[in-house]
Amino acid sequence: HLLCLFGQRAFGSNKSYMHLMPLAPALTQSTPQRTAVIGGGIAGLACARRLQQLGHEAVCFDTGKHAPGGRCSSRTWPGGATVDHAAQYATARSASFSALMKELETEGLVKQWPARVVALEGGAAAVPVEGDAVRYVGADGMGGIAAALARGLDVRQDVWVPPNGGITYESDGMWRLRLPSGAGDDCRFDAVVIAHNGKCAERLTSSVPARDVHSLLRTRFAASLPGGGREGGGVFTLNSVYSLAFEAPAGVMPSDFDAAEVRGGPLRWLANNAAKYAPADGGGEVWTAMSTGAFGKAHKVPQEQLAGTEAEAEVTAKLLRAVEAAVGLEPEALKPLRTRLQLWGAALPLCRWDDPYVWDAEHRIGIAGDWCAASAEHAATVEGAFLSGEALANHLAATPAQPAGLSLGADGGRFVPIEGAFGGAPGQPSWVQPAEAGGGRGGGRGGGGRGGGGGE
């Protein structure tokens with residue numbers, strides 16, 4: 001199910017989507033608040049969408065140049081083919097997300113993908129992977145799911161909230177965002193939601209008074225978790241994964257499966273985008289190959305320094321050779337018409353915080369994401385990201401004075417390993433050392449207490 005977390009449709013920079021879709025009537029309301037949602041992935045969009053449904057104002061800031069969605073994104077290949085280069089599909093097990101998928105399916109915005117999924121190992125015969133989960137994809141790429149959630153919302157596209165000093169907690173209890181020119185002057189908010197992760201989220205909260213929120217956003221990058229959990233040493237951990245899209249001439253790749261879980265070697269996943277969407281002009285098939293976290297770590301380079309480099313050529317060649325080995329082709333048999341390599345530096349969480357969201361009631365700042373999940377089945381999935389954002393919005397609207405998910409220390413929450421996270425070895429659940437009272441620039445601590453409010 002981790003592949004559920006692994007599209008670009010041209011909305012344009014700094015555009016609002018307020019006019020596109022009337023939202024459902026509010027189910028409950030508290031005093032309306034103005035909330036800044038930093039991060040336009042599925043969690044951020046779900047949070048902003050639900051807040052607006054409940055009568056609150058939400059502004060979502062997203063760094064994507066063309067459209068929101070984060071890892072739930074897709075791109076158009078030369079020749080017109082749609083390519084999912086990150087999240088491969090979504091599953092729906094909860095009532096809330098199932099209802100959304102059915103609604104979007106009725107509108108023709110998503111569709112079921114009856115994929116023939118197999119397991120591949122060392123060129124041996126493909127073994128069918130059994131399972132009854134319904135897989136959903138966007139009608140024209142996984143980015144369509146994000147685009148559907150963004151309808152009717154105020155999304156500020158291609159806006160980077162600076163990691164250093166980008167958010168400030170002011171003396172009157174309001175939050176101020178330092179925005180780039182052209183992103184709007186309305187920069188004061190009652191509340192802030194952090195709906196992205198990695199080092200940027202860690203740095204963004206490094207100087208705010210909500211010290212325990214910052215403690216949970218501290219990030220480690222690794223291919224696996226340590227074997228034993230150190231007391232008080234729990235830390236959010238992400239891996240890095242390469243995604244290679246390549247166009248193979250028709251008839252070169254196998255036709256007896258649509259997608260494969262690859263076991264052994266540098267590959268973890270292989271999928272034929274032509275099994276989901278219309279093929280490229282000219283009859284070629286565009287496949288997506290995704291590496292293991294170990295391969296991503298071993299060959300990691302700054303993403304902005306990848307294009308046109310020797311590293312790009314080396315990684316591309318290694319992954320193509322791995323594809324050949326996995327499907328039983330001779331070395332160098334794959335002569336792709338085109339390739340496109342991308343490094344997801346902050347790819348998949350290897351552990352989950354065992355609450356669906358975090359809310360610091362004292363400072364009115366929260367966290368949502370696919371790594372916030374009380375249930376193992378929702379961790380690191382598109383559905384889990386949606387549920388986290390929606391649940392935080394419900395809590396913020398209904399019980400904003402009640403903290404949630406922010407109990408640290410030996411008797412508090414845990415970072416729990418996510419098994420099978422692209423080859424990540426399971427570790428041990430680990431609690432998080434609370435921030436020192438008054439420590440850090442700005443001082444103070446967020447409220448305690450686990451759970452509370454919300455829904456799924």
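Visitor: What span does helix 8 (residues 382–398) reach from its first C-alpha to its last, and how does this compare with the span expected at 1.5 Å a residue?

Guide: Helix 8 has 17 residues and reaches 25 Å, close to the expected 24 Å. The expected span is 1.5 Å times one less than the number of residues. This is a predicted model, where local features need pLDDT of at least 70, side-chain atom pairs count only at pLDDT 80 or more, and totals for chains, interfaces and linings use all residues. Residues are numbered from 1 along each chain as its sequence is written, and side-chain values use heavy atoms, with hydrogens and water left out.

Visitor: What makes helix 8 a helix here?

Guide: Helices are DSSP runs of H or I with at least four residues, and strands are runs of E with at least two, numbered from the N terminus. Helix 8 has 17 residues. The protein chain holds eight helices and 25 strands.

Visitor: Why is helix 8 called mostly covered?

Guide: Buried means under 20% relative accessible area, exposed over 50%, partly exposed in between (1.4 Å probe, protein chains only). In helix 8, 16 of the 17 residues are buried. Across the protein chain, 57% of the 456 residues count as buried.

Visitor: What makes a set of residues a nonpolar core?

Guide: The members are buried Ala, Val, Leu, Ile, Met, Phe, Trp, Tyr and Cys residues, joined through side-chain atoms within 4.5 Å. The largest such core has 57 residues. Ile42, Leu45, Met142, Ile145 and Phe386 have the most contacts inside it. Helix 8 gives the largest share of this core, eight residues. A second, separate core has 36 residues, including Ile38 and Phe236.

Visitor: How do you know that strand 7 (residues 117–120) is covered on both faces?

Guide: Val117 and Ala119 lie on one side, Val118 and Leu120 on the other, and all are buried. In a regular strand the side chains alternate between the two faces of the sheet.

Visitor: How do you know that strand 7 pairs with strand 18 (residues 259–262)?

Guide: Two strands pair if DSSP finds at least two bridges between them. Strand 7 and strand 18 have four bridges, in the parallel sense. Val117 stands opposite Ala259. Strand 7 also pairs with strand 8 (residues 127–128), antiparallel, over two bridges. There, Val118 stands opposite Pro128.

Visitor: What makes strand 11 (167–169) and strand 13 (188–189) edge strands?

Guide: Each pairs on one side only. Their open sheet has the order 11-12-13, with antiparallel pairing. Strand 12 (residues 175–177) and strand 13 share two bridges. Trp175 has Phe189 as its bridge partner in strand 13.
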